[in-house]
Amino acid sequence: MTTNQVTVPDLERAIRNVPDFPKPGIQFKDITPMLADARLFAGSIDLLTANVKPGSVDAVVGIDARGFIFAAAAAYKLNCGVIPVRKKGKLPFKTHEESYDLEYGSNTIAIHVDAIKPGSRVLLIDDLLATGGTANAAANLLKRLGANILEITFLIELSFLNGRDKLKGFPVRSLVVY
Ligand code: AMP
């Protein structure tokens, strides 16, 4: 897969592995070197949206916090709105909430009850698929609002954690797979 002359291996080379962050045993995938490179960042957005024709989605949903970076740029490219799924307590209006376990710790995420009209076609984006708990919780929030999830897309997948198993029934695509 190539676009803007950026390939998935180009992206992979710009992702830094930071051992033992934020706690011992975690191999943290630091995407900031990739984000800081204009060509690679633009290429990552082109690759993340490669399956989506402009006009075929109503919104891109991004997951707090690094998912917002990609969701916002993808929404701009696809000429649609961007919707945040946020950590509990951050959204000001009425919310639906879902709790789940993380690779490190646990979390609750939320979406505004009126964020999406039933039947809307959405693309869900996050930076990384680990155990799948976060994306599964986000997908559950979207289902509660009646959204039609066209694809769940990640820059990075830690395939040895089998996160895809939690996302059965959805088309899942990731670029850099470890
Ligand atoms: P999970 O719910 O286990 O799939 O975890 C995915 C979420 O946690 C994503 O929003 C990632 O940003 C973050 N995350 C989990 N593991 C890592 C990791 N090894 N490196 C960077 N981010 C991670």
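In this predicted model, helix α5 turns many residues inward: G133, T134, A135, A137, A138, A139, L141 and L142 are buried. The helix covers residues 133-144, 12 residues in total. From first C-alpha to last, α5 reaches 16 Å, close to the 16 Å expected at 1.5 Å a residue. What do its buried residues pack against? They pack against strands β5 (59-63), β6 (81-87), β7 (95-101), β8 (106-112), β9 and β10. Just after α5 comes G146, which takes a positive phi of about 80°.

## Strands

Start with β5, one of the strands packed against by α5. 5 of the 5 residues of β5 are buried, so the strand is largely enclosed by the rest of the structure. A59, V61 and I63 point one way from β5. V60 and G62 point the other way, and all of these residues are buried. β5 runs parallel to β6, and 5 bridges join them. Within this pairing, A59 stands opposite G81 in β6.

β10 is also well covered. 8 of its 10 residues are buried, so β10 is largely enclosed by the rest of the structure. β10 has pairings with β9 and with β11. β11 is mostly covered too, with 5 of its 6 residues buried.

The parallel strand pairs are set out below, each with one facing pair of residues.

| Strand pair | Bridges | Facing residues |
|---|---|---|
| β5 and β6 | 5 bridges | A59 and G81 |
| β9 and β10 | 8 bridges | V122 and I149 |
| β10 and β11 | 5 bridges | E157 and V177 |

## Nonpolar cores

In soluble globular proteins, nonpolar side chains tend to be buried together. Here the largest nonpolar core has 28 residues. Which of them touch the most other members? They are L11, V60, F70, L155 and L175. Six elements each supply at least two residues of this core: α1 (8-13), α3 (38-48), α4 (66-78), β9 (121-129), β10 (148-157) and β11 (172-177). The largest share, 5 residues, comes from α4. Apart from this core lies another, of 26 residues. Among its members are A59, I111, L142 and F154. L142 is also one of the buried residues of α5, and A59 is one of the buried residues of β5.

L155 deserves a separate look. Leaving out residues up to four places away in sequence, L155 touches L11, I15, I31, M34, S44, L48, F70, D126, D127, L175 and V176. That list includes L11, F70 and L175, which are named with L155 among the residues touching the most other core members.

## Helix α1

Two charged residues of α1 can be set side by side. D10 is found in this helix, and so is R13. Is each one buried or exposed? D10 has a relative accessible area of 17%, under the 20% limit, and therefore counts as buried. R13 has a relative accessible area of 64%, over the 50% limit, and therefore counts as exposed. Neighbours within four places in sequence aside, D10 is in contact with Q5, R39 and L40. R13 and V176 are 163 residues apart in sequence, yet their C-alpha atoms are 9.9 Å apart in space.

## Around β4

I26 lies in the loop between β3 (16-19) and β4 (27-30). Its relative accessibility is 8%, so I26 counts as buried. P9 is 17 residues from I26 along the chain, and their C-alpha atoms are separated by 22 Å.

Aromatic rings come next. The model has 2 aromatic pairs. One of them joins F21 and F28, with 5.2 Å from centre to centre. The planes stand at 85° to each other, and the pair is edge-to-face. How do the two partners compare in exposure? F21 has 43% relative accessibility, so F21 counts as partly exposed. F28 is buried, with a relative accessible area of 14%.

Another ring has a charged residue over it. K29 lies over the face of Y178, at 4.1 Å from the ring centre.

Notes
Residues numbered from 1 in each chain as written. Predicted model: local features only at pLDDT ≥ 70, side-chain atom pairs only at ≥ 80, totals over all residues. Heavy atoms only, no water. Helix = DSSP H or I, 4+ residues; strand = E, 2+ residues; numbered from the N terminus. Buried < 20%, exposed > 50% of the residue type's maximum accessible area, 1.4 Å probe, protein only. Phe/Tyr/Trp six-rings, centres within 6.5 Å; stacked < 30°, edge-to-face > 60°. Lys NZ or Arg CZ within 6 Å of the ring centre and 35° of its normal. Core = buried A, V, L, I, M, F, W, Y, C linked by side-chain atoms within 4.5 Å. Contact = heavy atoms within 4.5 Å. Expected span 1.5 Å × (residues − 1). Pairing = 2+ DSSP bridges.
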